[in-house]
Amino acid sequence: MASERSTIIFSLVISLLVLMFLNSLSGKCDAAAMKYELKDEAEALLKWKGSLLQSEALLHSWSLPAANGSPCNWTGITCNDDGKVKEINLSNSSLQGKLDPLSFSSLPNLVRLDLSINALSGNIPSQIGASSHLVFLDLSMNRLSGALPLSLSNLTHISVLNISDNILGGEIAPLLFVNWTSLSHLRLDGNQLSGQIPFQIGQLSNLTLLYLYSNNIGGSIPPSLGNLSKLTDLGLSDNNITGSIPSAIERLRNLLKLHIYKNQISGTIPLEIGNMKSLVSLDLSENNLTGFIPPTLGNLTKLKFLYLFTNQISGPIPLEIGNVRSLVELSLFKNSLTGIIPSTLGNLTQLTTLYLYKTQISGTIPLEIGNMRSLISLDLSENDLTGFIPPTFRNLTKLTIFHLFKNQISGKIPQQIGNMKNLISLGLSINNLIGHIPPTLGNLTKLTKLHLFINQISGTIPPQIGKIKSLVSLDLSVNNLSGIIPHTLENLTQLAVLNLFQNQIFGVVPPSFGNFRNLIQLKLFKNQLSGSLPLAIANLTNLQIFSVGDNNLSGYLPQICQGGSLTDFRAGYNNFTGPIPQSLRNCRTLQELRLQSNQLTGNISEVFGVYPNLTYIDLSFNRLYGELSSYWGECLNLTALKFASNNIAGRIPTQVGQLSQLRLLDISSNHLEGEIPNELGRLTMLYNLSLNDNRLSGLMPQELGQLSNLELLDLSMNDFIGSIPREMQKCTKLLSLKLDGNNLNGSIPFEIGNLENLGMILDLSQNRLTGEIPFQLEKLNKLEKLNLSHNMLSGPIPSSFENLISLSSVDISYNDLEGPLPNNKAFLQASPKAFIKNKDLCGEVQGLQSCNSSLISHGNKEKVHKGAIIIVLPLMGVLFLLVAFPSIYFVVHRKKGNVENEVQEGHNPNLFSVWNYDGRIVYADIIGATEDFDDKYFIGEGGYGKVYKANLPTGQVVAVKKLHPQEDGEQTDERSFINEIEALTKIRHCNIVKLYGFCSHPGYSFLVYEYIERGSLARVLKIEEGVVEFDWIKRAKVVQGVAHALSYMHHDCNPPIVHRDLSSNNILLDVEFEACVSDFGTARLLKQDSSNWSALAGTYGYVAPELAYTMRVTEKCDVYSFGVVALEVIMGKHPGDLLSSLSTSEAKDILLKDILDQRLPRPTDREMKEVVLTMTVALACLCSDPQSRPTMYHVSQKLSASKELVLEPHHTISFCQLMDLKI
């Protein structure tokens, strides 16, 4: 028994010793294995460190030998209780490199990896799946690219996965979501992921945060998202998601934040969203949502932020929104909302931001808005709101932004706005506000922007505005403000924008404006500012936009653009003089320069440089001279080049053809000469080409047909010759075509009829066009004005012109046209003057014969013509005998001593020449009607004869001018007589008296004219009664008519005709005060092969001074006489001694008001414009130097154009100012 017990004990001892040995052996093996694993982790980390750039400084502690080879004490490394690496945290460590060299298989115990906010690049390595125990992985804010590796699905313990803000691409693989059952936070936002959101995402049942925003994800929102019942944050914004919001989303009852803004989501907002009562922030903005705002949103009583802006939501704002009293920000702007602002919004007393701008809400602003005492930003702009600004707004003392602009708000600006002392931006512009600017606005010392423009605010600018020293932008433009600019504005030294334009502000521009060194934009145009601009404006080196046009400013322009910032400079319609600032020559930043309608001088060839950014330049109506520089061809961005009405000479540079962006070219009314460069045909963007009123010559280039966008073409009043190019038919967009006043010949191209858009005017008048009017013009059914007058056109007017339904004005006078007028309203209602001086026109129009033949059918015309010949020929023979017999009788039986004998003794073979259709006027009838030229029939006197009124037995009333006999009494002035006959037979003009006939006889020689009812201009001016009827407008019209007549004589007759005896005595006025020039007794035809020297002739007081010593006849003699007549018309009497004093300094101080005809009322503004223009032209014509006088063509054009001249108030206008004006 004892022996067995001993044996058992021994066995137990042996067993125990064996176990102890084995355990000891196992411990040594485990220690060795652990030591090996630690060394493996350290080497893996060191290998990765070695691949990183510039890592030594940051990861200095990463080195071997470490204690027991363990990395646990290294920077960013945390180990578990077994000494194994469980966490790597190197966030924001400036790491640069890739993840591929990191052996994740050597880190099997890794639980947390945070490498966010570094500069890691490359792909996410697929071996990352080897760290299958990862719970937290953050690789955000790096430069990782490529697709999401499928191996991420091996991270079955992952709870937080953040790879946001990288440049990952590709689609999100559905397999990724299969094993992520523990995932609570998923952030893939800020990448370039595409494809759709997989429906498998609904399997992530523990997900509380899902951010996929700022990618390129498309498709629709999967309804499976509704399965994520624990979700609190959902961000899908800034993608390309389409479709509607699934109603299943309402199952996310724990959701606090729902952001789906900036997608392409359509459809309506689900009513069910109102069940998501945990929502704190709802942002559905910047989508394509339609329908109404669900009233159920009123159930979201925890909601603080509601953003629905920039959609297509319609309907009213639900009253229920007022129930969401927790709201802090409400933004519904840029929708199609209608109705009024509900008063229930006044319940939102926690609201700090209310943005309802740019919707279509109307009605008045509820008083209850004043209850929102927490409001900081209020923007109700760009709506249809009416009524006043509520007085309750005085409670909104926390406001920093207050915008009501672009509504229909009326009433005054409340004084109480001055209590909103936290305001930074106040925008009340584009409304119907009236009254004055409250001085209390001066209390808003934090204000940086004050915009009150486009209202009806009146009064002055309150000086208190100068207290708002923080102002950066002040815009009071387009109101009714008056008074001066207060000097207190000098305190606003922070101003970057100052706009006061389109008001009635007067006075000077304060010199202190030169201290606004931060100023970028200064607009003062369309006011009544006067004086000079401060020279200190040149100090505004940051100025980009400077606009002072349409004022009464004078003096020199400042040397602006010294800082090289100026882009837009406008100073047109002022009285600036002197040169263009030299500082502009190198102002290469210029984009627009508009200095038109001033009195600027200088050589245009020298004052400008090259402007690569210039798009628009207008220097029209100045006094610039010189030639156009070829450098303009280097301003390649030019769209408009306007130099009209200057004194520019030379040729048009061919380099202008390089301006491929040019749309408008206007260099009219200059002294340009030569041909139009063919290169202009390259300007295919051009829509307006105005070269009129120059001295251009040669042929019209065929290349003009390449201007396919041309709408307005004006080449009138030049010296072009040849035919009209048929290529013009290619300019199919033409609206206006003016070629009048040239020497064009040939026929009118029938291709003009293809310009079917021609709607404004077709003017081919005053040329030498021949042939018939092409019937193809009937296609111009949009045409409003047609002028073919003063040509040599023949044949009938096409009857198809009755189809020109838009035609309102027509003039075909002074041609050889015949036949009936078209049955067209414009023809039938036109003035008789539109048809005069043609061959045989007929129609139911005053002054034309009725077209009896129009009643005859076309088939009977030949018979009618034959019948007419049979009837007319015998009658003409009888008529010839009746006319010839008395003439023969008078020649054979002439005797002296009485009227009968005088008739019989007439020997002049031209006795009854130039008789017209009014019938034969016999010598005896004239003598009898005037009772041998008794003084009681005397109605006027010209330089070479007296004028008598004759009532003929036929009932016709004519004017007879009996020529003065020579001193010996034996002969009339045969030369003067023949001159006038030759002149008058070649003249056809509505402002020149019509000649009926003449008689040359040893007893009397006389001319027979149409009788002009009112008699001579001199007579009308002398008669006191009725002088008021001859008002300022009628007087200006008379001067204009005389100018047209002389222009026709000088420039349209070949050879030109000089009147030489123009005076108020031989200017006749009809019932309508239309002027007719008469008395050509001293006219001399200026033939190129004859002498222009002649004995002094004319009426004292009207003769040009140079004739007294040169005796040389020129058109400039008539120009001087015209100036005297024009002055006489305005003064109401002959200017007398005033003429001789015009060249003296005393005359320049004469005021216009002192020489006006005092019998008439003071001219109105409209009348004064006509008076000033007439006087300006008259004084220019009275220049003592003949070569400095304008041509009558130029005078006629300027009077017709009625150019508006900018002047001082009427009572201060002096002769000096008038003489300085450019006509």
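**Exercise 1.** Which residues does aspartate 189 touch, not counting residues up to four places away in sequence? Then place aspartate 189 in the fold and decide: buried or exposed?

*Solution.* Note that this model is predicted.
- Contacts: aspartate 189 touches Ser164, Asp165, Tyr211, Leu212, Tyr213 and Asn215, leaving out residues up to four places away in sequence.
- Place: aspartate 189 sits in the loop between strand S10 (185–187) and strand S11 (209–211).
- Burial: the cut-off for buried is under 20% relative accessible area. Aspartate 189 has 1%, so it is buried.

**Exercise 2.** Locate asparagine 791 and find which backbone oxygen lies 3.1 Å from a polar atom of its side chain.

*Solution.*
- Place: asparagine 791 is in the loop between strand S55 (785–787) and strand S56 (792–796).
- Burial: relative accessibility is 3%, so asparagine 791 counts as buried.
- Partner: the backbone oxygen belongs to leucine 788, and the distance is 3.1 Å.

**Exercise 3.** Describe the largest nonpolar core, then name the contacts of phenylalanine 569.

*Solution.*
- Size: the largest nonpolar core has 233 residues.
- Hubs: the residues with the most contacts inside this core are Trp180, Phe402, Ile417, Ile465 and Phe569.
- Contacts: phenylalanine 569 touches Phe546, Leu557, Ile560, Leu584, Leu590, Glu592, Leu593, Arg594 and Leu595, with residues up to four places away in sequence not counted.
- Second core: apart from the largest core lies another, of 60 residues. Its members include Ile992, Ile1057, Ile1155 and Phe1215.
- Background: in soluble globular proteins, nonpolar side chains tend to be buried together.

Conventions
Residues are numbered from 1 along each chain as its sequence is written. This is a predicted model: local features need pLDDT of at least 70, side-chain atom pairs count only at pLDDT 80 or more; totals for chains, interfaces and linings use all residues. Side-chain values use heavy atoms; hydrogens and water are left out. A nonpolar core is a set of buried Ala, Val, Leu, Ile, Met, Phe, Trp, Tyr and Cys residues joined through side-chain atoms within 4.5 Å. Buried means under 20% relative accessible area, exposed over 50%, partly exposed in between (1.4 Å probe, protein chains only). Contact means heavy atoms within 4.5 Å. Helices (H or I, at least four residues) and strands (E, at least two) are DSSP runs, numbered from the N terminus. A polar contact is a pair of N or O atoms within 3.5 Å; within protein, one must be able to donate a hydrogen and the other to accept it, and residues adjacent in sequence count only if both atoms are side-chain atoms.
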